[in-house]
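Student: I would like to take a close look at one part of this model, starting from a single side chain and working outwards to what surrounds it. Could you take me through it carefully, giving each cut-off where its term comes up?

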Amino acid sequence: MCTFGRADKLYFTSIQKSTAKMAFTFAAFCYILALILTAFLIFFAIFHIIAFDELKTDYKNPIDQCNSLNPLVLPEYILHTSFTVLFIFAWQFGTFLLNLPLLVYHVNRYYHRPVMSGPGLYDPTMIMNADQLSRAQKEGWIKLAFYLLSFFYYLYSMIYVLVSAA
């Protein structure tokens, strides 16, 4: 017959208490989804930066470039809006408020776009203006910085929510 002493019992109870339990909540799901979608948004921003650099150096003509950029505008806005709205349902209001300025900018930018026959923001006749081109490049760099910072914020928040939900 094997009996445990008092020290062994304390050791086993301390192991049981120190074992961290992680709970998978809806907020954790939202952060995981935001991480994945933000990775796509980072690639979109990089593509925009490269495309406008090609326009600036006359590597591509404006019609082809606008035809490749305009189909990506609505998917970018939809991806960003989808996980921003999910943060409201997950009661993550701090993260929602972090994303709100860019969401408002996207809505404002789309409603004040040039008159075009299809969806998109970039008009081939206007994109070669120096002001428009520099504005589009700055917008691409700012969005890239925002998405990169958001990616690491979502990563930290996901880990925090997973560990603290137990």
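Tutor: Let us start with Tyr31, which counts as buried because its relative accessibility is 1%; here buried means under 20% relative accessible area, exposed over 50%, and partly exposed in between, with a 1.4 Å probe and protein chains only. Tyr154 also counts as buried, at 0% relative accessibility. This is a predicted model, in which local features need pLDDT of at least 70 and side-chain atom pairs count only at pLDDT 80 or more, whereas totals for chains, interfaces and linings use all residues. Residues are numbered from 1 along each chain as its sequence is written, and side-chain values use heavy atoms, with hydrogens and water left out.

Across the whole structure, a search finds 13 aromatic pairs. Tyr31 and Tyr154 form one that is tilted, with 6.3 Å from centre to centre and 45° between the planes. This pair brings together distant parts of the chain, since Tyr31 sits in helix H2 (residues 26-56) and Tyr154 in helix H5, 123 residues apart. For these terms, rings of Phe, Tyr and Trp (its six-membered ring) pair if their centres lie within 6.5 Å, and planes under 30 degrees apart count as stacked, over 60 as edge-to-face and the rest as tilted. Helices are DSSP runs of H or I with at least four residues, strands are runs of E with at least two, and both are numbered from the N terminus. The backbone shows the link between Tyr154 and Tyr31 as well, because their C-alpha atoms are separated by 5.6 Å.

Around Tyr154, leaving out residues up to four places away in sequence, the residues touched are Tyr31, Ala34, Leu35, Thr38, Phe83, Phe87, Thr95 and Asn99, where contact means heavy atoms within 4.5 Å. Several of these names return in an aromatic cluster formed by Tyr31, Phe83, Phe87, Tyr153 and Tyr154.

From the cluster we can step out to the packing of two helices. Helix H3 (residues 62-89) and helix H5 (residues 130-164) pack at an angle of about 35°, with their axes 14 Å apart. The axes are lines fitted to C-alpha atoms, for helices over the stretch in contact, and the angles run from 0 to 180 degrees between N-to-C directions. The crossing of H3 and H5 is left-handed, meaning that the near helix is turned anticlockwise from the far one by less than a right angle, while clockwise would be right-handed. On the H3 side, Glu76, Tyr77, His80, Phe83 and Phe87 meet Lys143, Phe146, Tyr147 and Tyr154 of H5. These residues of the contact divide into six nonpolar, one polar and two charged, with Ala, Val, Leu, Ile, Met, Phe, Trp, Tyr, Cys and Pro counted as nonpolar, Asp, Glu, Lys and Arg as charged, and the others, Gly among them, as polar.

Tyr77 of this contact also leads to Arg109, which, leaving aside neighbours within four places in sequence, is in contact with Tyr77, Leu121, Tyr122, Arg135 and Glu139. Arg109 has its place in helix H4 and counts as buried because its relative accessibility is 12%. Arg109 and Leu121 are twelve residues apart in sequence and 8.0 Å apart in space, C-alpha to C-alpha.

The loop between H3 and H4 holds Trp91, which has a positive phi of about 60° although it is not a glycine. At 65% relative accessibility, Trp91 counts as exposed.

Finally, some context for the whole chain. The protein chain has five helices and zero strands, and buried residues make up 36% of its 166 residues. Among contacts between residues at least 6 apart in sequence, 78% join residues at least 24 apart. The chain averages a pLDDT of 84, and 85% of the residues score at least 70, pLDDT being the predictor's confidence in each residue, from 0 to 100. Among the elements, helix H1 (residues 6-18) has the lowest mean pLDDT, 51, and helix H4 (residues 93-111) the highest, 93. Where pLDDT is low, the predicted coordinates should not be read in detail.
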